[in-house]
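Reader: Pull this one up for me, please. I'll ask as I go, starting with a loop residue.

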Amino acid sequence: MDRLQEIFSQILSMDMTGSIAILLVLGIRLLLQKAPKRYSYFLWGIVWFRLICPVTFSSIFSVLNVLDLSGVTNGETAQSFQTGQMSGGAQEPVGQAYKEIPMSGLTKELEPMPNDAFFRQPEMFWSVIWLAGVVVLAVAGIVSTVKLQRKLACSMKLRDNIYLADYIETPFVFGILKPRIYLPSPLPLREREFVILHEQCHINRKDNLIRAAAYVTLCAHWFSPLVWLSFLLSGKDMEMSCDEAVMRNMEGDMTVFIVSQRASSIQHADQIIVLDDGEMADIGTHDELLERCEVYQEIYYSQYPAS
């Protein structure tokens, strides 16, 4: 139990400093509303590090307390023992002062604790409550992972590490060492390629590992509302920063053609974006679009009816 109380005390210390960091990040986040979300996402990383870092301000206070007490001991306390001054003002030898210490007070500590002593010690009681909360969240996370893994057992491989699943509503990355991308089967083709780029960005940035570590940290600090808030907001900033990264890569590395007149001029492009009434209808190579995109098929076959 003593070890459990030490761990819980350490968690409380980290939560105190981590809460201060969360409040600072929330304030900075308001100032960075129009800035790219990658900056906010980076700041949340500092928060999570602070919540798991064992170094606290208590060590600094302990050093200051030792220095302060050492000064008192070298001065007033040492002088009182030298003079043998007692509380009543009488002067007696030092040895006499030690002889008058009653031994009955020392033997009381060896008496057995009453049955309700557990509830009389708040540190021990709250340590057990904290541990129970950690276990509940950890078990809930494991059960949720197992259920999701069973749901994905019937998924169909699309290509590489990309799979289609019937019983999911949103795309996501699943796995730690060998992450896979799972897409809902009803996902429209016009959105699929962009979603794949988005999920691949998560894998390249190791977001699956970061999110798992963040959940472990949340389990340890489950009692803090600020930690729950930071967990939700950091997930939101992670998704938005990933979207921004995909858009930057598309603008910097790809040449975008608007198919409006001659399809022959863009047949050999790496990626083709098809626009319909100002909205993106699909994205892909010439062969892919010719196979699945009705808008591209109409444009191409209208120009090459004999094909």
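**Working through the fold**

Author: Start with lysine 206, then. Its relative accessible area is 49%, so lysine 206 counts as partly exposed. Keep in mind that this is a predicted model.

Reader: Where does lysine 206 lie?

Author: In the loop between helix 8 (189-204) and helix 9. Its phi is positive, near 60 degrees, and the residue is not a glycine.

Reader: And aspartate 160, what is its phi?

Author: About 50 degrees, so to speak on the positive side, and aspartate 160 is not a glycine either. It sits in the loop between strand 1 (156-159) and strand 2 (162-165).

Reader: Is aspartate 160 buried or exposed?

Author: Exposed, because its relative accessibility is 59% and the cut-off for exposed is over 50%.

Reader: Step back. How many helices and strands in the chain?

Author: The chain has 12 helices and 6 strands. Of its 307 residues, 32% are buried. Take the contacts with a separation of 6 or more: 53% of them join residues 24 or more positions apart.

Reader: Helix packing next. At what angle do helix 1 and helix 7 cross?

Author: Roughly 75 degrees, with the axes of helix 1 (residues 2-31) and helix 7 (residues 122-151) coming within 9 Å. That crossing makes the two helices roughly perpendicular.

Reader: Which residues in helix 1 and helix 7 meet?

Author: Helix 1 brings Leu4, Gln5, Ile7, Phe8 and Ile11. Helix 7 brings Glu123, Met124, Trp126, Ser127, Val128, Trp130 and Leu131. By class, that contact has 9 nonpolar, 2 polar and 1 charged residues.

Reader: What about aspartate 2, buried or exposed?

Author: Exposed, at 58% relative accessible area. Aspartate 2 belongs to helix 1. Its C-alpha atom is 9.7 Å from that of serine 127, and the two are 125 residues apart along the chain.

Reader: Change of topic: aromatics. How many aromatic pairs?

Author: The count is 9 aromatic pairs. One of them joins phenylalanine 8 and phenylalanine 223, edge-to-face, with 6.3 Å centre to centre and 75 degrees between the planes.

Reader: Where do phenylalanine 8 and phenylalanine 223 lie in the chain?

Author: Phenylalanine 8 is in helix 1, and phenylalanine 223 is in the loop between helix 9 (207-220) and helix 10 (225-253). The pair links parts of the chain 215 residues apart. Phenylalanine 8 counts as buried, at 12% relative accessibility. Phenylalanine 223 counts as partly exposed, at 26%.

Reader: What does tryptophan 48 pair with?

Author: Phenylalanine 231, also edge-to-face: 6.3 Å between centres, 85 degrees between planes. Tryptophan 48 is in helix 2 (residues 37-52) and phenylalanine 231 in helix 10, so the pair ties together parts 183 residues apart in sequence. Both residues are buried.

Reader: Which residues do ring pairs link into a cluster?

Author: Phe8, Trp130, Trp222 and Phe223.

Reader: Back to phenylalanine 231. What lies over its face?

Author: Arginine 211, at 4.0 Å from the ring centre.

Reader: Last one. What is serine 234 in contact with?

Author: Tyr41, Trp44, Trp48 and Arg211, leaving aside neighbours within four places in sequence. Serine 234 is found in helix 10. It is buried, with 2% relative accessible area.

Key:
Residues numbered from 1 in each chain as written. Predicted model: local features only at pLDDT ≥ 70, side-chain atom pairs only at ≥ 80, totals over all residues. Heavy atoms only, no water. Axes fitted to C-alpha atoms, helices over the stretch in contact; angles between N-to-C directions. Helix = DSSP H or I, 4+ residues; strand = E, 2+ residues; numbered from the N terminus. Parallel < 35°, antiparallel > 145°, perpendicular 65-115°, else oblique. Contact = heavy atoms within 4.5 Å. Nonpolar A, V, L, I, M, F, W, Y, C, P; charged D, E, K, R; others polar. Phe/Tyr/Trp six-rings, centres within 6.5 Å; stacked < 30°, edge-to-face > 60°. Buried < 20%, exposed > 50% of the residue type's maximum accessible area, 1.4 Å probe, protein only. Lys NZ or Arg CZ within 6 Å of the ring centre and 35° of its normal.
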